[in-house]
Every structure is written in C-alpha cells, then in structure tokens.
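Here are some notes for a colleague who is opening this entry without background. Please read them with the sequence and the 3D view side by side.

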Amino acid sequence: MLTVTLTAEERSTYGSVNEQNKLLVNKVWDYRRNSPNLSVPDLDWDEFEKDYNSRQVMENLQHRLDALSERIKNAKILHDYDNYQSALDDYAYTTYKAGSQAPGYETKMNEMKQFFNRSGKGKEKPAPETDSPTA
C-alpha cells in the first residue's frame, strides 16, 4: 500500500506509535532476526516484516521529501527577497520620476504608496514577508 487517506479519527487511533514504541518495534525486529526461537509462534511474521520494511522505506522517503521541501522554501525566500529589493528600487525610481513631473509616474507612485507604512516622521519601507518555518 503506497498511499492511504486516513480520517481524523483514524489518525488519532493509529497515530499512537510514538518514538518510544518504535524503539520497542525495533527491538522485537532485532530479536526476531537474531533469535527467532524467542518470537511468539502464532504471529504472522511475514506480514510484520513487510510492514516493517515498508515503514522504513516510507520514513526514508519522508526524510528526503522534508529535506527537499526545506530547500525549496529556502530558494523561494531568496527569490522573494530579490524581487522585494527590486520592487523597492523601482518604487524609489518612480518617486524620483514623479518628482520631476514625468508623465505617468505620479499615478504609479500613488498606487504604490498603499504598500508603505506611514509614521509621523515620513515614509517607512514595508517589511518583507517571510513564510513560517512550519508551513
């Protein structure tokens, strides 16, 4: 079984295998491999092995996907930052050109002003947004 969709109730029921319990599963697996005579005889050990191996593959895949996801988030942050800096440069140029009465720039500047915080001491640069690391 490659993918399964669980309901919230099923996730609650089956999601109770915490790290401590996984250590127990690993210890049982270790004993089964090294001392099979000590294993309970009426358990379907073939099914246990299939589940165990599949879980190992899924965990490895999950770690790889998590690492890839982190790299994608980091690349996106850098692209967002570059775009934001370029947008600030464009706004500065727009305000300069608007001050010289160049056609169209005053309208553009007025439309862009909404993205800047206003304080009593003049304009502030808008703060760049960043994604939550737990997204």
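The points below go from the overall layout to individual residues.

1. Overall layout. The model is predicted. The protein chain contains four helices and two strands, and their order along the sequence is α-α-α-α-β-β. Of the 135 residues in the protein chain, 11% are buried.

2. The helix α3. This helix runs over residues 45-99 and has 55 residues. From its first C-alpha to its last, α3 reaches 80 Å, close to the 81 Å expected at 1.5 Å a residue. The buried residues in α3 are Trp45, Tyr52, Tyr84, Leu88, Tyr91, Thr94 and Ala98.

3. The two ends of α3. At the start of the helix, a side-chain oxygen of Asp44 comes to within 3.3 Å of the backbone nitrogen of Asp46. After the helix comes Gln101, with a positive phi near 65°. Gln101 sits in the loop between α3 and α4.

4. A note on Gln101. Most residues other than glycine have a negative phi. Gln101 is not a glycine, yet its phi is positive, about 65°. Is Gln101 buried or exposed? Its relative accessible area is 61%, so Gln101 is exposed, the cut-off for that class being over 50%.

5. The largest nonpolar core. Which residues make up this core? There are seven: Tyr84, Leu88, Tyr91, Ala98, Met109, Met112 and Phe116. The elements that give two or more residues to this core are α3 and α4, the latter covering residues 105-112. Helix α3 provides the largest share, four residues. In soluble globular proteins, nonpolar side chains tend to be buried together. Tyr84, Leu88, Tyr91 and Ala98 also appear among the buried residues of α3.

6. A nonpolar patch on the surface. Not every nonpolar side chain here is covered: Leu61, Leu65, Leu68 and Ile72 form a surface patch. Together these four residues have about 380 Å² of accessible area. One of them, Leu65, lies in α3. Leu65 has a relative accessible area of 48%, so it is classed as partly exposed.

7. Salt bridges in general. How many salt bridges does the structure hold? It holds four. Points 8 to 10 take up some of them.

8. Lys22 and Glu19. The side chains of Lys22 and Glu19 meet in a salt bridge, with an N to O distance of 3.2 Å. Both residues belong to helix α2, which covers residues 19-34, and they are three residues apart, about one turn of the helix. An α-helix has 3.6 residues a turn, so residues three or four places apart point the same way. The partners fall into separate exposure classes: Lys22 is partly exposed because its relative accessibility is 23%, and Glu19 is exposed because its value is 55%.

9. Asp80 and Lys76. These two residues form a salt bridge whose closest N and O atoms are 2.8 Å apart. Both lie in α3, four residues apart, about one turn of the helix. Asp80 is partly exposed, at a relative accessible area of 35%, and Lys76 is partly exposed too, at 37% relative accessibility.

10. Asp90 and Lys108. Here the closest N and O atoms of the salt bridge are 2.7 Å apart. The pair links distant parts of the chain, since Asp90 is in α3 and Lys108 is in α4, 18 residues apart. What is the exposure of Asp90? Asp90 counts as partly exposed, with 31% relative accessibility. Lys108 is partly exposed as well, with a relative accessible area of 30%.

11. The loop after α4. Gln114 is found in the loop between α4 and β1, the strand at residues 118-119. The side chain of Gln114 reaches the backbone oxygen of Glu111 at 3.0 Å. Gln114 is exposed because its relative accessibility is 60%.

12. Places to look again. In the 3D view, α3 and α4 can be followed through the largest nonpolar core and then through the salt bridge that joins Asp90 to Lys108. The surface patch formed by Leu61, Leu65, Leu68 and Ile72 can be viewed next. The loop between α3 and α4, where Gln101 is placed, completes the tour.

Technical notes:
Residues are numbered from 1 along each chain as its sequence is written. This is a predicted model: local features need pLDDT of at least 70, side-chain atom pairs count only at pLDDT 80 or more; totals for chains, interfaces and linings use all residues. Side-chain values use heavy atoms; hydrogens and water are left out. A nonpolar core is a set of buried Ala, Val, Leu, Ile, Met, Phe, Trp, Tyr and Cys residues joined through side-chain atoms within 4.5 Å. Buried means under 20% relative accessible area, exposed over 50%, partly exposed in between (1.4 Å probe, protein chains only). The expected span of a helix is 1.5 Å times one less than its number of residues. A polar contact is a pair of N or O atoms within 3.5 Å; within protein, one must be able to donate a hydrogen and the other to accept it, and residues adjacent in sequence count only if both atoms are side-chain atoms. Patches are made of residues with over 30% relative accessible area and no salt bridge: like charges are joined within 9 Å, nonpolar side chains (Val, Leu, Ile, Met, Phe, Trp, Tyr) within 5 Å. Accessible areas come from the Shrake-Rupley method with a 1.4 Å probe; for residues, only the protein chains shown count as cover.
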